[in-house]
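Please look over the model shown here with a view to how its helices pack against one another. What can be read from it, step by step?

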Amino acid sequence: MIDVKALISAQPSKGNYFAPDIYLQGDNEFGLLENRSGARLIALPDTLIRGLFTALDSELGIGAGVALTACGKTWGSAFYKRFADELQEYYGKPIQAMEMVEFLQTFKQCWKTHGYGLVEIDLKYYQNGFIGAEVVNSPFIACAPQGKNPMGFLEAGILAAFFSQLTGENLHCEQTTCESLGAEKNLFILGLKERLKPVSAWLTEGHDHATIMELLCRQQG
C-alpha cells in the first residue's frame, strides 16, 4: 500500500544545477555576468585568447606550454572549489557522496555551460590507475596556433588540478590527440606522473590513443 503521508512529505528531486537558462544570469546594460549563486563570471573573447597564445609563444617559445598548463592548474583548483561548494549547498551533501553517474552528468553539464566545449570522462581504465578525458569543440584550442603541436595545455592543467583534488592524488595529465592537429577530438590521460612518463616517447613513435592506453595498462600489469 502506498504511504500517502510519506509521498506528500517527500522532498522533490532537484533539477540540473548547471542548466544554462538558470545558471547564467546577467545584466546586459551593466555588462555583468553572474552564476545562480551570485558569483561573477568573466567572458573571454576569442581575440584575448589568441593574444594570450601569441604573447606567450613570443616570450617563452616552447616554454609557453608549461606556463599555460600552470595557468590551467590554478584555474582548475578554483574551478573544483566552486563546483564542490555550489553542489554541496544545492544538494545538501558533499561531492564525494554523489553517485558516480550523477557526478559525471553534473560535471559534463558544468563544463558545457561554462563554454569549455563538450567533455566525456572515461573510467574504463580507472582500476589500472588512469582516467581518460575527451574534450570536443574546445574554444581555447580553436584559438591556438594550428597544425604545429598539441595545444590543450589549459585543459590538461584544469583536468589535472580538478581530478587531483577530487581523488586526493597528485595527478598529471598527458594529451594524446588534438583538434589543432586535425583530430576530431582532444583526448587526455590522467594518472600519476611517474606512470605517464613513457607517453611522450610513444607519441613520438606514432602510437595512437588506444595503443598508448593498452601499453600503459600492460606496463602496470
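The questions and answers below concern helix packing and burial in this predicted model.

Q: At roughly what angle do the axes of helix α4 and helix α5 cross, and is the pair parallel, antiparallel, perpendicular or oblique?
A: Helix α4 covers residues 64–91 and helix α5 covers residues 100–113, and their axes come within 12 Å and cross at roughly 120 degrees. Because angles of 65 to 115 degrees count as roughly perpendicular and those over 145 as roughly antiparallel, the arrangement of α4 with α5 is therefore oblique.

Q: Which residues make the contact of α4 with α5, and how many of them are nonpolar?
A: The crossing of α4 and α5 is right-handed. On α4 the contact is made by Phe79, Phe83, Leu87 and Tyr91, while α5 brings Glu102, Phe103, Thr106, Phe107, Cys110 and Trp111. Sorted by character, one residue of this contact is charged, one is polar, and the nonpolar ones number eight.

Q: Is the crossing of α4 and α7 left-handed or right-handed?
A: Helix α7 spans residues 153–167, and its axis comes within 6 Å of that of α4, the two crossing at roughly 40 degrees. The two helices are therefore oblique to each other. The crossing of α4 and α7 is right-handed.

Q: How do the residues of the contact of α4 with α7 divide into nonpolar, polar and charged?
A: The α4 side of the contact includes Gly65, Leu68, Lys73, Trp75, Phe79 and Phe83, and the α7 side includes Phe153, Leu154, Ile158, Phe162 and Gln165. Counted by character, the residues of this contact divide into one charged, seven polar and 13 nonpolar.

Q: How many of the 15 residues of α7 are buried?
A: From its first C-alpha to its last, α7 reaches 21 Å, close to the 21 Å expected at 1.5 Å a residue. Its buried residues include Glu155, Leu159, Phe163 and Ser164. Helix α7 is largely enclosed by the rest of the structure, because the number of its 15 residues that are buried is eleven.

Q: Which residue follows α7, and is its phi positive or negative?
A: The phi of the residue that follows α7 is near 80 degrees, and thus positive. That residue is glycine 168.

Q: Is aspartate 85 buried, partly exposed or exposed?
A: Aspartate 85 lies in helix α4, and its C-alpha is 8.4 Å from that of isoleucine 95, ten residues apart in sequence. Buried means under 20% relative accessible area and exposed means over 50%. Because its relative accessibility is 41%, aspartate 85 counts as partly exposed.

Terms used. Residues numbered from 1 in each chain as written. Predicted model: local features only at pLDDT ≥ 70, side-chain atom pairs only at ≥ 80, totals over all residues. Heavy atoms only, no water. Axes fitted to C-alpha atoms, helices over the stretch in contact; angles between N-to-C directions. Helix = DSSP H or I, 4+ residues; strand = E, 2+ residues; numbered from the N terminus. Parallel < 35°, antiparallel > 145°, perpendicular 65-115°, else oblique. Left-handed = near helix turned anticlockwise from the far one by under 90°. Contact = heavy atoms within 4.5 Å. Nonpolar A, V, L, I, M, F, W, Y, C, P; charged D, E, K, R; others polar. Expected span 1.5 Å × (residues − 1). Buried < 20%, exposed > 50% of the residue type's maximum accessible area, 1.4 Å probe, protein only.
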